[in-house]
Amino acid sequence: MQKNLFRDKKFILILLSAFFYFICITMTSPIAQSYTVHLGGSVVISGIASGMLTIGSMSLRPFVGFFLNRVHRKNFGISGLILMVISGAVSLIAPNPFIFILCRIIAGFGFAISSVAFSTIVADILPYDKVGTGMSIYSMAHALSMAIAPTMGLWLRDHLSYTAVFLVMIGCAVVSITLALLTGPIPNPQIFEPSTVIRFSDILRGAYVKEVVPIALVTLFTSMAYQAISSFLSAYTIGEKLDLPITLYFPVYAVSLFVFRLLLAKTLDRKPYGFFMMFCIPSIVIGLLLLTFMRGTAMMFLAAMFMGFGYGMTTTVSQTTSVKCVDVARRGAANSCYYIGMDIGLTISPFLAGGVVQLTGTHYIFLAMIPFILLSYLVVYLNRKTMFTLPREQP
């Protein structure tokens, strides 16, 4: 099955295009805080700048789902990539931190559009019985970018300059646009007819898909754990006086994610959502416990592998099931609903984890995330009739 997918020219070009726009995002995120300070911003302002990409992305998701069902999906996705080019170009000449914050919001808009559009296209161009396999392979582009892009961005900053970082970002966005254009015509599925009058209820339907809401909730809760680790792993090791190579955590996580998605790609079309959650949710809990009580590099790496399987497979299975449980015309809205759940989890987690640190110190950061992960089990249980049943192809 994978062999056939890798012979599909359109699929490969979309896959490569996604890889390069993922690099745009994951390469610049680690340097956003320091660049804001470089421009004269305070520590508080630099923290705001770091979070503005997610805020920008989340604020546009409902509208993306609405328009994706009414316009040409590939062209809409390319418009998101153009916004990334604009963001990188203006960041190069930003005179102050507030202009850079605006650039981060624009990049968030671009990512919101491109991520939903291209993942929806992948589902559109593949046969229904290969959507799970294809989405798993597609998501490997993100895993691979996570393994190399943050380190690349930091290296460019430290050995060359911030200018080099944003020039490479712009270059990657241009390559992504070029690859998307090389796919040639991609027929749009039967979508809703454009309306001369746009009602608020129409936009709401672009963000709210009843069948996907439980999946989005699971994604929300599990994303909180991932973001808590991303935001506070360094602070945790300092607070617990641990001398560990934390810069290696995310490369190990990304490699584990890549391997599990590759090995389990075909399984996504054969097993229901609930089957995966029975293993993924405990894996996340184990990863959080290992981080809480880690005393050496081996435990840190083991935690990264458990999180790679638990959270990595949760996001892949969630997105795959989201697009498979609705008809073709609503895939854009389903994808948007899934991403909104992820964005909310990524946004609120640092605030909650930061509150835990202020109240109790660093030791309980990751333990505090476990109750939210267990809420995912409650969601799965309450929706067990649908989550333990393979979705059927919708007309």
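Here's a quick briefing on how a few helices pack in this structure. The model is predicted, so read what follows with that in mind. Three helix pairs get a look: H5 with H8, H10 with H14, and H10 with H13.

**H5 against H8**

- Helix H5 covers residues 73–92 and helix H8 covers residues 162–182; their axes sit 9 Å apart at an angle of about 165°.
- Angles over 145 degrees count as roughly antiparallel, and H5 and H8 are therefore roughly antiparallel to each other.
- The crossing of H5 past H8 is left-handed.
- On the H5 side, the residues in contact include Lys74, Ile78, Leu81, Met84, Val85 and Leu92. Their partners in H8 include Phe166, Leu167, Ile170, Val174, Ile177 and Leu181.
- Sorted by class, the residues of this H5–H8 contact come out as 16 nonpolar, five polar and one charged.

**A closer look at H5**

- With 20 residues at 1.5 Å a residue, H5 should span 28 Å, and its end C-alpha atoms are 30 Å apart, which agrees.
- Buried residues in H5 include Arg73, Lys74, Phe76, Ile78, Leu81 and Met84.
- Glycines and serines are on the buried list too, among them Gly77, Gly80, Ser87, Gly88 and Ser91.
- Several names turn up twice: Lys74, Ile78, Leu81 and Met84 are buried and also take part in the contact with H8.
- Asn75 is in H5 as well. Its relative accessibility is 47%, so Asn75 counts as partly exposed.

**H10 against H14**

- Helix H10 (residues 213–239) packs on helix H14 (residues 331–360) at about 40°, with 6 Å between the axes.
- That angle makes H10 and H14 oblique to each other.
- H10 goes past H14 in a right-handed crossing.
- The H10–H14 contact has 17 nonpolar residues, eight polar ones and no charged ones.

**H10 against H13**

- H10 also packs with helix H13 (residues 297–324), here at about 150° and with the axes 10 Å apart.
- H10 and H13 are therefore roughly antiparallel to each other, and their crossing is left-handed.
- From H10, the contact draws on Ile215, Val218, Thr219, Thr222, Ser223, Tyr226 and Ile229. From H13 come Met307, Tyr311, Thr314, Ser318, Thr321 and Ser322.
- By class, the H10–H13 contact residues split into six nonpolar, seven polar and no charged.

**One distance to keep in mind**

- Asn75 and Ile215 are 140 residues apart along the chain, and their C-alpha atoms are separated by 28 Å.
- Ile215 is one of the H10 residues that meet H13, while Asn75 belongs to H5.

Notes. Residues are numbered from 1 along each chain as its sequence is written. This is a predicted model: local features need pLDDT of at least 70, side-chain atom pairs count only at pLDDT 80 or more; totals for chains, interfaces and linings use all residues. Side-chain values use heavy atoms; hydrogens and water are left out. Axes are lines fitted to C-alpha atoms, for helices over the stretch in contact, and angles run from 0 to 180 degrees between N-to-C directions. Helices (H or I, at least four residues) and strands (E, at least two) are DSSP runs, numbered from the N terminus. Angles under 35 degrees count as roughly parallel, over 145 as roughly antiparallel, 65 to 115 as roughly perpendicular and the rest as oblique. A crossing is left-handed if the near helix is turned anticlockwise from the far one by less than a right angle, and right-handed if clockwise. Contact means heavy atoms within 4.5 Å. Ala, Val, Leu, Ile, Met, Phe, Trp, Tyr, Cys and Pro count as nonpolar, Asp, Glu, Lys and Arg as charged, and the others, Gly among them, as polar. The expected span of a helix is 1.5 Å times one less than its number of residues. Buried means under 20% relative accessible area, exposed over 50%, partly exposed in between (1.4 Å probe, protein chains only).
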